[in-house]
Amino acid sequence: MGRKIIYWVTTGLVAAFGFISAFTYLSNDPQAVQGFAHVGYPQQLRIILGIAKLFGAIALLVPGFPRVKEWAYAGFTFAWICAIVAHYLAGDGPKALMPLALLVILFVSYFTEPASHLRRSGIDVP
């Protein structure tokens with residue numbers, strides 16, 4: 001039971017951050033626009049990531065669709081690794097820790113997913 005609670009809390013946090021960042025990216029929030037410019041990313045990437053994070057957050061919360069969920073986990077992983085590197089190279093120092101913290105939460109969500117979710121979907125669980 002404790003593992004299931006940890007899974008849903010961490011998954012909820014990841015999804016919440018996905019929804020929040022999708023909203024700020026897609027609404028042309030000045031802080032998001034400036035942030036992408038600061039690290040040298042094109043604004044088109046902000047739109048693409050906004051759409052991807054929106055669908056990724058939905059995929060993590062909707063039951064079933066295990067392959068889509070795997071892609072969502074992979075997408076968030078790649079996005080946050082890139083964010084860590086981008087903030088580090090931009091000289092932002094501690095700002096690189098936020099995507100690192102999100103990455104840790106994402107990994108906890110991924111590795112605590114109840115086995116019953118995976119077995120029902122046809123994925124073999126050791």
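**One salt bridge in a six-helix chain**

The count of salt bridges here comes to one, where a salt bridge is a side-chain nitrogen of Lys or Arg within 4 Å of a carboxyl oxygen of Asp or Glu. What you have in front of you is a predicted model, in which local features need pLDDT of at least 70 and side-chain atom pairs count only at pLDDT 80 or more, while totals for chains, interfaces and linings use all residues. Residues are numbered from 1 along each chain as its sequence is written, and side-chain values use heavy atoms, with hydrogens and water left out.

Back to the salt bridge. In general, side chains of opposite charge can pair when their charged atoms come close. Here the partners are the side chains of Lys69 and Glu113, at 4.0 Å from N to O. Lys69 sits in helix H4 (residues 66-89) and Glu113 in the loop between helix H5 (97-111) and helix H6 (115-120), so this pair ties together parts that lie 44 residues apart in sequence. Helices, and strands likewise, are DSSP runs numbered from the N terminus: H or I of at least four residues for a helix, E of at least two for a strand. Both Lys69 and Glu113 are buried; buried means under 20% relative accessible area, exposed over 50%, and partly exposed in between, with a 1.4 Å probe and protein chains only.

Now the chain as a whole. The protein chain has six helices and zero strands. Its radius of gyration is 15 Å, which agrees with the value near 14 Å for a compact globule of 126 residues; the radius is taken over C-alpha atoms, and the globule rule is 2.2 Å times the number of residues to the power 0.38. Along the principal axes, the C-alpha atoms fill a box of roughly 45 × 25 × 20 Å. Of the 126 residues, 33% count as buried. Of the contacts (heavy atoms within 4.5 Å) between residues at least 6 apart in sequence, 62% join residues at least 24 apart.

Which residues does Thr112 contact, leaving aside neighbours within four places in sequence? They are Arg3, Ile6, Tyr7 and Thr10. Thr112 is in the loop between H5 and H6, and is buried at 14% relative accessible area. From Thr112 to Gly2 is 110 residues in sequence, and 9.8 Å in space, C-alpha to C-alpha.

Thr77, in helix H4, is also buried, with a relative accessible area of 15%. Not counting residues up to four places away in sequence, Thr77 touches Leu103, Leu106 and Phe107.

Next, backbone angles. Most residues other than glycine have a negative phi. What is phi at Asn28? It is near 60°, a positive value. Asn28 is in the loop between helix H1 (2-26) and helix H2 (30-39), and counts as partly exposed at 46% relative accessibility. Phe65 also has a positive phi, near 50°. Phe65 is in the loop between helix H3 (43-61) and H4. Is Phe65 buried or exposed? Exposed, with a relative accessible area of 57%.

Last, surface and charge. The protein chain exposes about 7,800 Å², and carbon and sulfur atoms supply 74% of that area; accessible areas come from the Shrake-Rupley method with a 1.4 Å probe, and for residues only the protein chains shown count as cover. There are 9 positive and 5 negative side chains, the centres of the two sets lying 6 Å apart. Lys and Arg count as positive, Asp and Glu as negative, and His and the chain ends are not counted; each charge is placed at NZ of Lys, CZ of Arg, CG of Asp or CD of Glu.
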